[in-house]
Each structure stands twice: as C-alpha cells, then as structure tokens.
Amino acid sequence: MNNIVTVQEAVTAFADWNEPTDAELDAIDREMPLILADVDLIDAQIIAMDHTPNEVDTRRVRRALARVLTEYRVLANRTTDAAGDAA
C-alpha cells in the first residue's frame with residue numbers, strides 16, 4: 001500500500017513570499033478606510049435582507065453606500081496626488 005503525502009508545507013514553510021511586504025502592508029493601511037466602509041455596507045445590506053426592508057434599513061444602506069463612495073473618492077484623490085508628486 002502506497003501512502004500519498006503532500007509536501008506543500010515543506011515547500012512553502014520558508015518561502016520569502018509567504019509574508020506580505022512592507023509596501024503591501026502600507027497599501028492595505030491606505031485602503032483600510034475603504035475596506036471598513038465596504039464592510040459596513042455589506043452589514044447594512046445583510047440586515048436589510050433579513051426581513052422586509054423598512055425606512056431605517058433604507059437609510060442605513062444609503063448612508064453606508066455614501067460612505068463607500070466618499071472613501072473611494074478620497075483614495076482616488078490621494079493616489080492621483082501621489083502620482084502627480086512623483087512626476
């Protein structure tokens with residue numbers, strides 16, 4: 001009888017690419033307000049799906065969507081400003 005053994009852990013346990021780089025962590029930090037706004041929007045949508053949506057649910061989703069759009073705009077402007085400074 002032959003045993004099938006995976007060697008994935010042995011191969012990737014000490015790989016350099018296993019951890020995020022400092023640049024990747026910085027990018028995550030820059031995008032964190034947008035990520036949190038997206039999570040809030042998803043939470044509001046889930047709450048609204050749990051029952052028949054009412055006025056409060058509608059306002060919650062609308063407010064969360066507005067926050068997501070605002071964070072997108074802020075991130076886009078920050079990225080554009082950084083690209084302009086580099087040029």
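**A nonpolar patch and the helix H2**

Leu-25, Ile-28, Met-32, Ile-35, Leu-36 and Val-39 together make a nonpolar surface patch of about 440 Å². The model is predicted.

Take one member of that patch, Val-39. Val-39 sits in helix H2. Its relative accessible area is 39%. Buried would require under 20%, and exposed over 50%. Val-39 therefore counts as partly exposed.

Now follow H2 itself. The helix covers residues 22-49, which is 28 residues. How far apart are its end C-alpha atoms, and does that distance agree or disagree with the expected span? At 1.5 Å a residue, H2 should span 40 Å. The end C-alpha atoms lie 39 Å apart, so the two values agree. H2 also has a kink of about 55°, located at Glu-31. The proline Pro-33 follows shortly after Glu-31.

Which residues of H2 are buried? They are Leu-34, Ala-37, Leu-41, Ala-44 and Ala-48.

Next, the whole chain. The protein chain has three helices and zero strands. Read from the N terminus, the order is α-α-α. Of the 87 residues in the chain, 14% are buried. The accessible surface of the chain is about 7400 Å². Carbon and sulfur atoms account for 58% of that surface.

Contacts complete the picture. Consider those between residues at least 6 apart in sequence. Among these, 59% join residues at least 24 apart.

Definitions and conventions:
Residues are numbered from 1 along each chain as its sequence is written. This is a predicted model: local features need pLDDT of at least 70, side-chain atom pairs count only at pLDDT 80 or more; totals for chains, interfaces and linings use all residues. Side-chain values use heavy atoms; hydrogens and water are left out. Helices (H or I, at least four residues) and strands (E, at least two) are DSSP runs, numbered from the N terminus. The expected span of a helix is 1.5 Å times one less than its number of residues. The bend at a residue is the angle between axes fitted to the seven residues ending there and the seven starting there. Buried means under 20% relative accessible area, exposed over 50%, partly exposed in between (1.4 Å probe, protein chains only). Contact means heavy atoms within 4.5 Å. Accessible areas come from the Shrake-Rupley method with a 1.4 Å probe; for residues, only the protein chains shown count as cover. Patches are made of residues with over 30% relative accessible area and no salt bridge: like charges are joined within 9 Å, nonpolar side chains (Val, Leu, Ile, Met, Phe, Trp, Tyr) within 5 Å. A salt bridge is a side-chain nitrogen of Lys or Arg within 4 Å of a carboxyl oxygen of Asp or Glu.
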